[in-house]
Amino acid sequence: MYSKKVLNHFNNPKFFGKMKDADLIGKAGNPRCGDLLTLYLKIDKKTNKIKDIKFETLGCAAAIAASDMICELAKGKTLEEARNITFRDVSNSLGKLPPLKMHCAQLVTEALNDAIKKYKK
Ligand code: FES
């Protein structure tokens with residue numbers, strides 16, 4: 001059901017963990033499946049780039065793989081560029097998620113946008 005890439009990111013996530021001194025924290029949850037995701041971002045204030053990013057996800061394999069992938073896609077990008085990452089980008093980068101698991105990719109983009117929104121305020 002899952003691509004090799006999904007399984008790799010699920011089994012060996014590079015960005016899993018908490019960040020104590022995060023500049024931004026974004027959260028998202030899906031009440032239907034109960035999955036919960038927190039993203040931690042460290043921002044380079046001069047360039048507005050995401051210099052570090054981590055996640056904590058309580059959820060299915062697809063949600064964990066998508067969390068790791070969005071971290072990979074967002075790291076090094078400006079907040080503006082990161083805001084344009086779509087759930088399709090996440091799914092495609094994972095070799096496509098099954099249709100029933102697309103909401104897992106949506107969840108991670110929601111968490112990233114939640115964090116970015118807070119920076120603008
Ligand atoms: S099953 Fe809901 S986020 Fe994966």
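This is a guided tour of the structure, with a selection to make at each stop.

**Before you start**

You are looking at a predicted model, in which local features need pLDDT of at least 70, side-chain atom pairs count only at pLDDT 80 or more, and totals for chains, interfaces and linings use all residues. Residue numbers start from 1 along each chain as its sequence is written.

**The whole chain**

Show the protein chain as a cartoon and you can pick out 5 helices and 3 strands. Helices (H or I, at least four residues) and strands (E, at least two) are DSSP runs, numbered from the N terminus. Along the sequence, their order is α-β-β-β-α-α-α-α.

Switch to C-alpha atoms: they fill a box of roughly 45 × 25 × 25 Å along the principal axes. For 121 residues, a compact globule would have a radius of gyration near 14 Å, and the 13 Å of the protein chain agrees with that. Here the radius of gyration is taken over C-alpha atoms, and the globule rule is 2.2 Å times the number of residues to the power 0.38.

Next, colour by burial. A residue is buried if 20 or more other C-beta atoms lie within 10 Å of its own, exposed if 12 or fewer, and partly exposed in between, with C-beta atoms placed from the backbone. Of the 121 residues, 37% are buried. Two residues are in contact if their C-beta atoms, placed from the backbone, lie within 7 Å. Among contacts in the protein chain with a separation of 6 or more, 60% join residues 24 or more positions apart.

**Stop 1: helix H2**

Select residues 61-74, which form helix H2. Its end C-alpha atoms are 20 Å apart, in agreement with the 20 Å that its 14 residues should span at 1.5 Å a residue. The expected span of a helix is 1.5 Å times one less than its number of residues.

How many of the 14 residues of H2 are buried? The count is 11, so H2 is largely enclosed by the rest of the structure. Among the buried ones are Ile64, Ser67, Asp68, Met69, Ile70 and Cys71. Just past the helix, click on glycine 76, which has a positive phi near 90°.

**Stop 2: where H1 meets H2**

Keep H2 selected and add helix H1, residues 4-11. The two axes come within 8 Å and cross at roughly 85°. That crossing makes H1 roughly perpendicular to H2. On the H1 side, the contact uses Val6, His9 and Phe10, while H2 brings Ala61, Ala62, Ile64, Ala65, Asp68 and Met69. These residues divide into 7 nonpolar, 1 polar and 1 charged.

Some terms for this stop:
- Axes are lines fitted to C-alpha atoms, for helices over the stretch in contact, and angles run from 0 to 180 degrees between N-to-C directions.
- Angles of 65 to 115 degrees count as roughly perpendicular, under 35 as roughly parallel, over 145 as roughly antiparallel and the rest as oblique.
- Ala, Val, Leu, Ile, Met, Phe, Trp, Tyr, Cys and Pro count as nonpolar, Asp, Glu, Lys and Arg as charged, and the others, Gly among them, as polar.

While you are on H1, click on lysine 5. Lysine 5 is partly exposed, with 15 other C-beta atoms within 10 Å. Beyond its neighbours within four places in sequence, lysine 5 is in contact with Leu94 and Gly95.

**Stop 3: phenylalanine 15**

Move on to the loop between H1 and strand S1 (24-29), where phenylalanine 15 sits. Is phenylalanine 15 buried or exposed? With 21 other C-beta atoms within 10 Å, phenylalanine 15 is buried. Not counting residues up to four places away, phenylalanine 15 touches Ile53, Lys54, Phe55, Asp68 and Cys71. Try a distance label to glutamate 72: the C-alpha atoms are 7.9 Å apart, across 57 residues of sequence.

**Stop 4: threonine 38**

Now select threonine 38 in strand S2. Threonine 38 is buried, having 21 other C-beta atoms within 10 Å. Apart from neighbours within four places, its contacts are Ile25, Lys27, Phe55, Glu56 and Ala111.

**Stop 5: two positive phi values**

Most residues other than glycine have a negative phi. Asparagine 48, in the loop between strand S2 (36-44) and strand S3 (49-58), has a positive phi near 65°. Lysine 96, in the loop between helix H4 (87-93) and helix H5 (102-120), has a positive phi of about 75°. Asparagine 48 is partly exposed, with 14 C-beta neighbours inside 10 Å, and lysine 96 is partly exposed with 16.
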